[in-house]
Amino acid sequence: MIEFSKEETERLTRKIQLYFNDELDQEIGQFPARFLLDFFSEEIGPYYYNRGLMDAQQVLETRLSEAIYELEKPIRE
C-alpha cells in the first residue's frame, strides 16, 4: 500500500470530499472519504506506482544509451 504523510492524507481526503461535492453533487464525510482513499491506495495505487517505475526505467535506459554512445571512440580505417 502506498502510504502518505498525515498532511498528504488530510489534503487528499479533502480533495475527495470536494470532488464528490463539485462533480457528483453529493456530500461525503471525512471518514468515508478516507476509506475511499485507502481503497484507491491499496487497489489502484500499485498500478500508478508500477507505471511510474516503468516510465523512469525507460528514461534511464535512454539516457544511459546516449551516454554510452557519447563515450564511444571513433575508429579510423
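**Notebook: aromatic pairs and Thr13**

I looked up Tyr19 first and noted that, at 47% relative accessibility, Tyr19 counts as partly exposed. The model I am reading is predicted.

Next I checked Phe20, which counts as buried at 17% relative accessibility. The cut-off for buried is under 20%, so Phe20 at 17% falls in that class.

I then searched the whole structure for aromatic pairs and found two. Tyr19 and Phe20 form an edge-to-face pair, with 6.4 Å centre to centre and 80° between the planes. I checked this against the limits: centres must lie within 6.5 Å, and planes over 60 degrees apart count as edge-to-face. In this pair a partly exposed Tyr19 meets a buried Phe20.

The other entry is Phe39 with Phe40. Their ring centres are 5.5 Å apart and the planes stand at 70°, so I logged this pair as edge-to-face. For exposure, I wrote down 43% relative accessibility for Phe39, which counts as partly exposed. Phe40 has a relative accessible area of 40% and is partly exposed.

Last, I turned to Thr13. Is Thr13 buried or exposed? I have Thr13 at 5% relative accessibility, so this residue counts as buried. I placed Thr13 in helix H1, which covers residues 6–24. Which residues does Thr13 touch, leaving out those up to four places away in sequence? I listed Gln30, Ala33, Arg34 and Leu37.

Terms used. Residues numbered from 1 in each chain as written. Predicted model: local features only at pLDDT ≥ 70, side-chain atom pairs only at ≥ 80, totals over all residues. Heavy atoms only, no water. Phe/Tyr/Trp six-rings, centres within 6.5 Å; stacked < 30°, edge-to-face > 60°. Buried < 20%, exposed > 50% of the residue type's maximum accessible area, 1.4 Å probe, protein only. Helix = DSSP H or I, 4+ residues; strand = E, 2+ residues; numbered from the N terminus. Contact = heavy atoms within 4.5 Å.
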